Amino acid sequence: MFFQKEIETMNRKDLEALQLERLKRIVQYCYDNVPFYHQRLTEAKVTADKIKTLSDLQYIPPTTKADIRDSYPFGLFARPMKEMVRIHASSGTTGKPTVVGYTRNDLNMWSDAVARLCVAAGATDEDIVQISFGYGLFTGALGLHYGLEKIGATVIPVSSGNTEKQVMLLNDFGVTALVSTPSYALYMSEVAREKGYDVDKFKLRLGLFGSEGCTPEMRTQVEKGFHLFATDNYGMSELIGPGVSGECEYRDGLHFAEDHFLPEIVDPNTLEHKQEGEIGELIVTTLTKEGIPLLRYRTKDLTRLNYSPCKCGRTHVRMDKVMGRSDDMLKIRGVNVFPSQIESVLVSIPQIGAHYQLIVRREGFSDTLEVKVELVDSSLLDKFEALENLQKTVAGNLRTVLGIQAKVTLCEPKSLERFQGKAQRIVDLRNAGK
Amino acid sequence: MIIKQLSIFVENTKGRLADIADILAKENIDIRALCVADTKDFGILRLIVNDPEKAAIILRENHCTVALTEVLTIKIEDKPGGLAKPIRILSDHGINVEYMYAFVSKEFDSAFVILRVENNEAAIKILLDAGVTLVSSKEIYDM
């Protein structure tokens, strides 16, 4: 099923011609309407008419999150406030939030992009959808909300929190699709079972998950927790919110909304372009956004692109699930470690639960990694040796994948923190107390 | 002859044993015997109680990882050599004791030894043949 079939299945040549035309227009638009870009483009000696091919993009200096923050709150807005109809902002866990504004056309484009990924994932106007993202400045909830309304689904804007009530509504309202983070969905399924609900009788069939990464192993856990088909979608408030890319029914990468967002993959250090299929940092240019257009925005997310045709018929490029963030990447004893690698190892061991916590410390001149996991298999309690062997197995599997030795700590079930928004599973104590 | 023992996973954190004891106390679970095996990070608390099935349910409701393990209890004379004889018999028959712990009862003027062996059925036969007294689960639970 498609929401905008003509665009979603457009042949690549026509699509690239459309992107080039829109790229020229957005560069001119930025030059004319945003003083920051006027200056940047002038310094880089780039003008719209110098852009002849899509690869000429490389001459435009990238935009960073710091650039948006430095212009706090509205410095990068390209339209007067009178034309803005919505403001959102990122969580701003460090310092000031990054603020974005939407014109009426932006909101329209946004809900189209979200509608596309919802339909691609399998949502229809028959679905009753519970949105368990927090409403507010965060783009996740309202983004999915308007996209789902656009396809005619019945939206239940529960927002986040009060997990027992969430589970009650899933059951009582006959909810068929769930919007949340994958880890919160997992937690909800645990609570449902604890409260004595017969999860098999739930009508849930589809999960539209986002806002945090989800490894295939984690996805399997969520699908076991609730009997549903879990799909992943991607976006960030700077670019629009959710709607930048999303999985189709084949779940072999997330289709970019390429007529609105132009992706590149670069080396995070040198900013040189990577070959197709190589992993690097995702950079995105918004091709149609009016409120706050961004040229070559550095997402810091690490992924790769696949331009080959997809079985679903969509021609738009697919990105892999995000493998980590170029600035979240843990460097432990000089080894690059991605939390997603650790998650893959942990979720494949059935004796432990799906929740975990990583603690990095510095002892003397050496870094140590502690991985806390919950013991769920009570049959191991008969023999001490069995528990010690489990610790060894977890540590051994981690060593195989990461190449470093981790200390594995077994914890009691439900003792590790559960998260309703983005899971914060890493505690880096290396600079604590300095 | 087979007694159900609770095996409870316990993190080595402050107050955790006290928490578990509180959970059991609130539900009127009476502890007959206990032993703790531990490493630096975690331990296994082994308990003989008056109602192991109920205790397991309560502990699971309180998010503990709990297993019910089948063990044997023998009654021995509370005097030197009382333990040596039955253990020697098991050893002579090639039955390994994985762990054991004991408690004494003034009421019965005897000692009770809880034994975890690999093969309960074989051990029961050997001990009975040698004239060792095995305690029934009812006797332990009602003690």
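This passage describes a predicted model with chains A and B, moving from the domains of chain A to its sheet and then to chain B.

Chain A falls into two parts: domain 1 covers residues 1-326, and domain 2 covers residues 330-428. Between the C-alpha centres of domain 1 of chain A and domain 2 of chain A there is a separation of 30 Å. Where these domains meet, domain 1 of chain A supplies 17 residues to the contact and domain 2 of chain A supplies 14 residues. On the domain 1 side, the elements contributing two or more residues are α8 (182-194) and α9 (216-225) of chain A. Of the elements on that side, α8(A) gives the most, with four residues. Sorted by class, the side of domain 1 of chain A that touches domain 2 of chain A holds 10 polar, five nonpolar and two charged residues.

Chain A also contains an open sheet of nine strands, with mixed pairing. Followed across the sheet, the order in chain A is β4-β3-β5-β6-β7-β8-β9-β14-β13. At the edges lie β4 (154-156) and β13 (305-306) of chain A, each of which pairs on one side only. Further in, strand β5 (residues 177-180) of chain A runs parallel to strand β6 (residues 206-209) of chain A, and four bridges join the two. One of the positions in this pairing is A:Ala177, whose bridge partner in β6(A) is A:Leu206. Against the sheet packs helix α6 (residues 139-150) of chain A, in touch with β3 (128-131), β4, β5, β6 and β8 (241-247) of chain A. The direction of α6 of chain A makes about 65 degrees with that of β8(A).

Turning to chain B, its secondary structure consists of five helices and seven strands. Read from the N terminus, the elements of chain B follow the pattern β-α-β-β-α-β-α-β-β-α-β-α. The C-alpha trace of chain B spans about 45 × 30 × 25 Å along its principal axes. For 143 residues, a compact globule would be expected to have a radius of gyration near 15 Å; the value for chain B is 16 Å, so the two agree. Buried residues account for 25% of the 143 residues in chain B. Contacts in chain B often link distant parts of the sequence: taking those between residues at least 6 apart, 67% join residues at least 24 apart.

The two chains touch each other as well, with 13 residues of chain B in contact with 14 residues of chain A. On the chain B side, two or more residues come from each of β1 (2-11), β3 (42-49) and β4 (66-77) of chain B. The side of chain B that touches chain A comprises seven nonpolar, four polar and two charged residues.

A closer look at one residue of chain B rounds off the picture. B:Asn120 sits in helix α4 (residues 120-129) of chain B. With 17 other C-beta atoms within 10 Å, B:Asn120 is classed as partly exposed, because that category lies between the exposed limit of 12 or fewer and the buried limit of 20 or more. Leaving aside residues up to four places away in sequence, B:Asn120 touches B:Ile2, B:Glu70 and B:Leu72. As for B:Met100, it lies 20 residues from B:Asn120 along the chain, and 14 Å separates the C-alpha atoms of the pair.

How values were computed. Residues are numbered from 1 along each chain as its sequence is written. Chains are lettered from A and ligands numbered from 1 in the order in which they are written. This is a predicted model: local features need pLDDT of at least 70, side-chain atom pairs count only at pLDDT 80 or more; totals for chains, interfaces and linings use all residues. Domain bounds come from an automatic or database domain assignment. Two residues are in contact if their C-beta atoms, placed from the backbone, lie within 7 Å. Ala, Val, Leu, Ile, Met, Phe, Trp, Tyr, Cys and Pro count as nonpolar, Asp, Glu, Lys and Arg as charged, and the others, Gly among them, as polar. Two strands pair if DSSP finds at least two bridges between them. Axes are lines fitted to C-alpha atoms, for helices over the stretch in contact, and angles run from 0 to 180 degrees between N-to-C directions. The radius of gyration is taken over C-alpha atoms; the globule rule is 2.2 Å times the number of residues to the power 0.38.
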